[in-house]
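Work through the exercises below with the sequence and the 3D view at hand. Try each task before reading its solution.

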Amino acid sequence: MKMVGTFAEVRDAAYGSVGFVPTMGYLHEGHVALMLEACRECDTVVASIFVNALQFGPGEDLATYPRDLDRDSQLAKRAGVDLLFVPDRDEVYPDDEIAAVELPDFAGRLEGERRPGHFQGVATVVELLLTGIDPDRAYFGLKDAQQLALVNWLVGARRLSTTIVPVSTRREPDGLALSSRNRYLKGESRVAASALSRGLFQAADAVEAGEADGPTLEGIVSAVVADAAGIELDYAALVTSDRFEPLEKLEAPAVLAVAANVSETHLIDNVAFFRGEDGIEVDRGVVLERPSVLEEN
Ligand code: AMP
């Protein structure tokens, strides 16, 4: 694995079909799943580590966002990444005047409403990374379902030639979706956080038993989170996967998206519904057999 800092170095070193995995670092098995999928499908795998200041709001955790480049490079190398792209801010944003992409309405809902400016920052960096690297395929986690919807929209709206590949959510053995921000969760907070996936899995069980009413499914998640101590539900919303339109009745593809706050930490999670051979099927993600690297020490 080679570590590079410029788009030119990435393009020079890449050969054949190129798979790209953008991240903000502090890697875990969720990121690794994206990298492994890219390795399976592409000749050259590029992963980037760039903590994108533009997608953090004023009160958010930009300064304290976890960073560990040594560990990241070990994990990326073990996953089979060929090029680890670690650009500095000027490489990604050479110009202070960035032409902002005008976002669709759905980017203003749910996470967009809670985190003003967040999706503008995401769309800007994703467009700059995709145009700078020009990969054949780019891999994004279903964990960030609204981000995935926005990236799919962006690729269509800006006529980018990259195919977007979604990858299922990786979870701790108790169900908690892996996230670099889980590093902030200790003791009781860590226990409280598991209520999110518990609620989602109960709602998924209800769907498998025939429940299709949107408010009922949202209510199942809300009730589980309300029952748990130390966690405050932000929203539970059944929405379409592509435009995050609210759904009164489940149809596929859809996402049951939730967000909650545990102390200062904002957590999101979801289960996804898609149309399988026997009707609507649920993607709950993949539960790890052993605790992830995030749970070490
Ligand atoms: P981040 O470093 O948090 O910006 O995430 C980089 C990429 O990894 C995004 O496409 C995320 O959706 C994806 N990702 C983050 N957490 C998970 C997870 N638990 N399972 C699968 N993908 C994930």
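The exercises concern a predicted model and deal with its ligand, a pocket and two backbone features.

**Exercise 1. Find which residues are the closest to the ligand, and list the polar contacts.**

Solution. Step one: 17 residues surround the ligand, and the closest are Met24, Gly141, Asp144, Arg170 and Leu178.
Step two: take the ligand's oxygen atoms. An oxygen atom of the ligand is 2.9 Å from a polar backbone atom of Gly141. For Asp144, the partner is an N or O atom of the side chain, 2.6 Å from an oxygen atom of the ligand.
Step three: turn to nitrogen. A nitrogen atom of the ligand is 2.9 Å from a polar backbone atom of Arg170. A polar contact requires N or O atoms within 3.5 Å, and the pairs with Gly141, Asp144 and Arg170 meet that limit.

**Exercise 2. State how much of the ligand the protein covers, and describe the shell around the ligand.**

Solution. Step one: on its own the ligand has 490 Å² of accessible area, of which the protein covers 92%.
Step two: strand 2 (18-23), helix 2 (29-41) and strand 5 (137-141) each give two or more residues to the shell. Helix 2 provides the largest share, 3 residues.
Step three: sorted by class, the shell has 8 polar, 6 nonpolar and 3 charged residues.

**Exercise 3. Describe the second largest pocket, and explain why it lies between the two domains.**

Solution. Step one: the space in this pocket is about 290 Å³. It is lined by 19 residues, with Leu142, Leu148, Pro166, Ser241 and Pro253 the closest to its centre.
Step two: the elements giving two or more residues to the lining are helix 7 (145-157), strand 6 (163-167), strand 9 (254-262) and strand 10 (265-276). Helix 7 gives the most, with 5 residues.
Step three: by class, the lining has 14 nonpolar, 2 polar and 3 charged residues.
Step four: the pocket lies between domain 1 (2-167) and domain 2 (171-295) because both give residues to its lining.

**Exercise 4. Locate Pro253 and Tyr26, and describe the backbone at each.**

Solution. Step one: recall that most peptide bonds are trans, and that most residues other than glycine have a negative phi.
Step two: Pro253 is in the loop between strand 8 (232-240) and strand 9. The peptide bond that joins Ala252 and Pro253 is cis, with omega about 5 degrees.
Step three: Tyr26 is in the loop between strand 2 and helix 2. Although Tyr26 is not a glycine, its phi is positive, about 55 degrees.

Conventions. Residues are numbered from 1 along each chain as its sequence is written. This is a predicted model: local features need pLDDT of at least 70, side-chain atom pairs count only at pLDDT 80 or more; totals for chains, interfaces and linings use all residues. Side-chain values use heavy atoms; hydrogens and water are left out. A residue is near a molecule or strand if one of its heavy atoms lies within 4 Å of it. A polar contact is a pair of N or O atoms within 3.5 Å; within protein, one must be able to donate a hydrogen and the other to accept it, and residues adjacent in sequence count only if both atoms are side-chain atoms. Accessible areas come from the Shrake-Rupley method with a 1.4 Å probe; for residues, only the protein chains shown count as cover. Helices (H or I, at least four residues) and strands (E, at least two) are DSSP runs, numbered from the N terminus. Ala, Val, Leu, Ile, Met, Phe, Trp, Tyr, Cys and Pro count as nonpolar, Asp, Glu, Lys and Arg as charged, and the others, Gly among them, as polar. On a 1 Å grid over the protein atoms alone, a cavity is a set of points where a 1.4 Å probe fits but cannot get out, and a pocket is an open set with protein on both sides within 12 Å along at least five of seven lines; lining residues have an atom within 4 Å of a point. Grid points are joined across faces, edges and corners, and a volume is the space filled by probe spheres set on the points. Domain bounds come from an automatic or database domain assignment.
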